[in-house]
Amino acid sequence: MVRERESARQIVLAGCTPIGLGLATRLDGNGCTLRIIARTFTRALLLPAALADDALVGDPLEPTMMEAAGLDTADALLAVTNHDDGNAALALAGARLFAIPLVAALVEDPIRADAYGNLGLAVVCTEVLTTAEFVRRARACFRPAKPPMKSLAILIVGCGRLGSHLANQMSADGHAVVVVDRDDTALSRLSAEVFSGYRVVGDAAEPAVLRRARIEGADLVIATTDDDNTNLMVTLVARRVFAVPHVMARVYDPQREPMYRELGIDCVCPTLVAVDGFCALLERATGRRGGGA
Ligand code: AMP
């Protein structure tokens, strides 16, 4: 296929999810032309006004939409809707049918991310990147004068996709890990091969549950539930009531970050981590900071 390129880099962004909105804001005015596909008008209206006016509304997998978005001349396609398989399908179509030089898909489920990565697709997995960020920060907190780092007592609250991934990794790294979740089926995400820690079923909002989960001897508490308020409350209780030396939290709303920092809570926002992940892919492809033209 002969591709006619415009002088500015053309990036097609499929999905007005929080990650899509973060990317749109980061990439707009960075030397590239953005074409944004939103599933609904309501979602498109979340974009900055200048971008909302030009957004296309509909299903990005519809052939007419692919044509309208200009996939045949795009330099990059970032599929960031909230459907893992749809993102992977769109990215595969972009690479195979339209020969777009850079395609990348948001895949939230680490198992799927692995599978799609094995197919040669560039994948950004929020849970994997967020886990890596928590691990990096934990290492920075406890870095001893000389390696190896001592085995830490770590309490992880929430055993969903993020908490279980993190617990498996921390346990495989040799730490004594306790995991709490109020839903006992969530604990089955822990790996039978690598997780050698302790599991507690209960609501982490209850101090008795935290005591059962050995919070009193913990070196580090990481709150990874899907609720910002629960994570804030658990980390505050850990620090103020149980004097845990280091606390970290997943925070969905990036606007809360300064407040958490002021309260002494180290926080990681998965949305920002994923936006950084996509920008890093663009930077590697273009050799420019921010991934612009
Ligand atoms: P995910 O969003 O997939 O990382 O999952 C978040 C996990 O947090 C789920 O397994 C929830 O059951 C768990 N969770 C949410 N609130 C609480 C709570 N108050 N106490 C313990 N676990 C919780």
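# Close-up views of a predicted model

**View A.** Ile-36 makes contacts with Leu-13, Cys-16, Ala-24, Leu-47, Leu-51, Ala-55 and Leu-56, residues up to four places away in sequence being left out, where contact means heavy atoms within 4.5 Å. The model is predicted, so that local features need pLDDT of at least 70 and side-chain atom pairs count only at pLDDT 80 or more, whereas totals for chains, interfaces and linings use all residues. Residues are numbered from 1 along each chain as its sequence is written, and side-chain values use heavy atoms, with hydrogens and water left out. Ile-36 belongs to strand β2; helices (H or I, at least four residues) and strands (E, at least two) are DSSP runs numbered from the N terminus. Ile-36 is buried because its relative accessible area is 3%, given that buried means under 20%, exposed over 50% and partly exposed in between, with a 1.4 Å probe and protein chains only. From Ile-36 to Gly-15 the C-alpha distance is 7.3 Å, although 21 residues separate the two in sequence.

**View B.** Arg-43, placed in helix α2 (residues 41-44), is shown with its partners. The side chain of Arg-43 comes to 2.7 Å from the backbone oxygen of Cys-16, which is a polar contact, that is, a pair of N or O atoms within 3.5 Å; within protein, one atom must be able to donate a hydrogen and the other to accept it, and residues adjacent in sequence count only if both atoms are side-chain atoms. Once residues up to four places away in sequence are set aside, Arg-43 touches Cys-16, Thr-17 and Ala-38. The C-alpha atoms of Arg-43 and Thr-17 are 7.8 Å apart in space, with their positions 26 residues apart in sequence. Arg-43 counts as partly exposed because its relative accessible area is 32%.

**View C.** The largest nonpolar core has 30 residues, of which Leu-23, Leu-47, Leu-78 and Phe-278 touch the most other members. A nonpolar core is a set of buried Ala, Val, Leu, Ile, Met, Phe, Trp, Tyr and Cys residues joined through side-chain atoms within 4.5 Å. Two or more residues of this core come from each of β1 (9-14), α1 (18-27), β2 (32-38), α3 (49-54), β4 (76-79), β5 (102-106) and α12 (270-286), and α12 gives the most, with six residues. Phe-278, apart from neighbours within four places in sequence, is in contact with Ile-19, Leu-23, Leu-78, Ala-79, Val-80, Ala-104, Ala-105, Leu-106 and Val-124. A second, separate core holds 26 residues, among them Val-178, Ile-215, Ala-238 and Cys-267.

**View D.** The ligand is surrounded by 16 residues, of which Arg-161, Asp-181, Asp-203, Ala-204 and Arg-250 come nearest; a residue is near a molecule if one of its heavy atoms lies within 4 Å of it. Two of the polar distances run to ligand nitrogen: a polar side-chain atom of Asp-203 lies 2.8 Å from a nitrogen atom of the ligand, and a backbone N or O atom of Ala-204 lies 2.9 Å from a nitrogen atom of the ligand. On the oxygen side, an N or O atom in the side chain of Arg-250 is 2.8 Å from an oxygen atom of the ligand. The ligand taken alone exposes 510 Å², and the protein buries 87% of that area, with accessible areas taken from the Shrake-Rupley method with a 1.4 Å probe. Sorted by class, the shell around the ligand has seven charged, five polar and four nonpolar residues, where Asp, Glu, Lys and Arg count as charged, Ala, Val, Leu, Ile, Met, Phe, Trp, Tyr, Cys and Pro as nonpolar, and the others, Gly among them, as polar.

**View E.** Asp-219 sits in the loop between α9 (207-212) and β10 (220-223). Asp-219 counts as buried because its relative accessibility is 17%. A polar atom of the Asp-219 side chain lies 2.7 Å from the backbone nitrogen of Ala-153. Beyond four places in sequence, Asp-219 touches Phe-142, Lys-150, Leu-152, Ala-153, Val-244, Pro-245 and His-246.

**View F.** Ala-99 has a positive phi near 50° although it is not a glycine, and Arg-214, likewise not a glycine, has a positive phi of about 65°. Ala-99 lies in the loop between α5 (84-96) and β5, whereas Arg-214 is in the loop between α9 and β10. Ala-99 counts as partly exposed at 40% relative accessibility, and Arg-214 counts as partly exposed at 48%.
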